[in-house]
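Take a slow look at the chain before reading on. Then follow the walk below, one stop at a time.

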Amino acid sequence: MAQVETNKPTSPSGGWSDLWKKEDYWAVWLGLGVVLVAIILWSSGSTAMKWLAISVPSYSEFGKAASYVSTHVGGIIGLYLLFIVLFSIAVKILGHKLSQFIPGFTIVFIMSLAVTILGSWDVMKKFNMEAPLLALAVGLIIGNFIKLPKFMDASLRTEFFVKTGIVLMGATLPFTLILQSGPVAFLQATIIAVTTYLTIYWAGTRLFGLDNRFAATLAAGGSICGVSASIAIGGSVKAEKQHVSIAISLVVVWAIVMIFALPIFIKALNIPPGPAGAWIGTSEFADAAGMAAAASINEQAIKTFTLMKVVGRDMFVGIWCFIMAFISITKWEKRQDGTKPKAGEIWTRFPKFVLGFFVASIIITALVAGVDPAVSKDITAQVIGPLKELRNWAFIFTFLCIGLTTRFKDLTSVGWKPFAAFTTGVLVNVPLGYILSVVVMGGYWAMVQ
């Protein structure tokens, strides 16, 4: 599993220093910075962003892919330099060594380019092994059979890459669509989150005798937003770091299973893209994994997945942290100092990249709203389209890093009781997600374009 995730403390920090010491905030600064630069370049008449929007076209003969790469060498180098500069600034301030990050990320970028080229091959597309899933598969194979050099650790920043990608995704979704679908997504997410959380917690404490804090951490990972929720809730209830690591491991296990399983069921059941994306958003256990599954379908599935997972489920983190901190302090902990949870706990634990997602959406929506159709079309071609490609690259980095940091031998050492408790939640979550996304709300999600 990803070392960068398990080594995080489970206690909140808070304070102004978080603005430059937390990945969540850096994902916002980088994502919004790219959006604003894209708008400035477009307004000045520059086509630089489109030049950087590297997207290998589908091909049946390798010569076509080779020709594309050879004619876009400058754009590929520019894309690499853009990412290396942006991420290096953040990584340096976050306290990591650039002497390790730069060579490590260079390898990640080259591997991502190779995966993108191979994933555009029509044979791979035929078997639903496009770039995102292929990146995961390649990463898993390399990560489990080849010993990676130690310097690679600094560059395998799964959470950072996916959060930055999600902020960029906000620029590709109209804010009007978020306002329209947000309440529906939040309502569906509430039903899913509460039901799954209570199921895992009940199974963990009543059936398998797990500690309350341990069960609460497992339940958070399975019902809200995976790794981030496990860390956040673990900190709120003061769970042991080992328990947080186990929760993260189980999230990774089931997230990887669902990356492949959900698209197979969706295809077998002939579920339309809109409801399919919503089901993935309801029943996946991690943002990056869900994005990989949704990307294997189409852009509509990505949109409904994002509305369901990011707008609906991820927003629960702050609220859930406050609730669980209150329960932990008043029910589980015997304190003499009368400590009580503070309302600020909600803000401390709220995923800031979600706010970045909203702001990016508002900026682009406001920009497009004030122009005529011809200019709007130009903005789509010169700003929104390139941002979408940059988003896709960030997600490919993410999927590759998931594979490279996942160790099967670590995932098999968590013990059967936590696994059984988490799996009980899966057995409730997936069917319930199907019922809500496809049967009950299928018509609604199908109309989301």
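Two aromatic rings, from Phe, Tyr or Trp, count as a pair if their centres lie within 6.5 Å. Planes over 60 degrees apart make the pair edge-to-face. Keep in mind that this is a predicted model.

Start with those rings. How many aromatic pairs does a search of the whole structure find? The search finds 21. One of them joins Phe-357 and Phe-358. Their centres are 5.6 Å apart, and their planes meet at 65°. That pair is edge-to-face, because the angle is over the 60 degrees needed. Phe-357 and Phe-358 are both buried.

Rings can also link up in a cluster. Here ring pairs connect Tyr-80, Phe-83, Phe-87, Phe-101, Phe-105, Phe-109, Phe-160, Phe-161, Trp-393 and Phe-397. Find Tyr-80 and Trp-393 in the sequence, then see how ring pairs link them into one cluster.

Now turn to the surface. Trp-16, Trp-20, Val-85, Ile-89 and Ile-93 make a nonpolar patch of about 570 Å². Which helix gives the most to this patch? Helix H6, residues 73-93, does, with three residues. An α-helix has 3.6 residues a turn, so residues three or four places apart point the same way. Trp-20 belongs to another element, helix H2, which covers residues 18-21. Is Trp-20 buried or exposed? Trp-20 is partly exposed, because its relative accessibility is 42%, and that class lies between 20% and 50%.

Next comes helix H3, which runs over residues 23-43. H3 holds 21 residues. From first C-alpha to last, H3 reaches 30 Å, close to the 30 Å expected at 1.5 Å a residue. After H3 comes Gly-45, with a positive phi near 90°.

Go further along the chain to helix H17, residues 299-313, where Gln-300 sits. Why does Gln-300 count as buried? Its relative accessibility is 14%, and buried means under 20%. What does Gln-300 touch, leaving out residues up to four places away in sequence? Its contacts are Pro-273, Gly-274, Trp-445, Ala-446, Val-448 and Gln-449.

The last stop is Ser-328 in helix H18, residues 316-332. Ser-328 has 0% relative accessibility, so Ser-328 counts as buried. Now compare positions in sequence and in space. Ser-328 and Ala-216 are 112 residues apart along the chain. In the model, 9.7 Å separates their C-alpha atoms.

Notes: Residues numbered from 1 in each chain as written. Predicted model: local features only at pLDDT ≥ 70, side-chain atom pairs only at ≥ 80, totals over all residues. Heavy atoms only, no water. Helix = DSSP H or I, 4+ residues; strand = E, 2+ residues; numbered from the N terminus. Expected span 1.5 Å × (residues − 1). Buried < 20%, exposed > 50% of the residue type's maximum accessible area, 1.4 Å probe, protein only. Contact = heavy atoms within 4.5 Å. Phe/Tyr/Trp six-rings, centres within 6.5 Å; stacked < 30°, edge-to-face > 60°. Patch = residues over 30% accessible without salt bridge, like charges linked within 9 Å, V, L, I, M, F, W, Y side chains within 5 Å. Areas by Shrake-Rupley, 256 points an atom, 1.4 Å probe, with all protein chains shown as cover. Salt bridge = Lys/Arg side-chain N within 4 Å of Asp/Glu carboxyl O.
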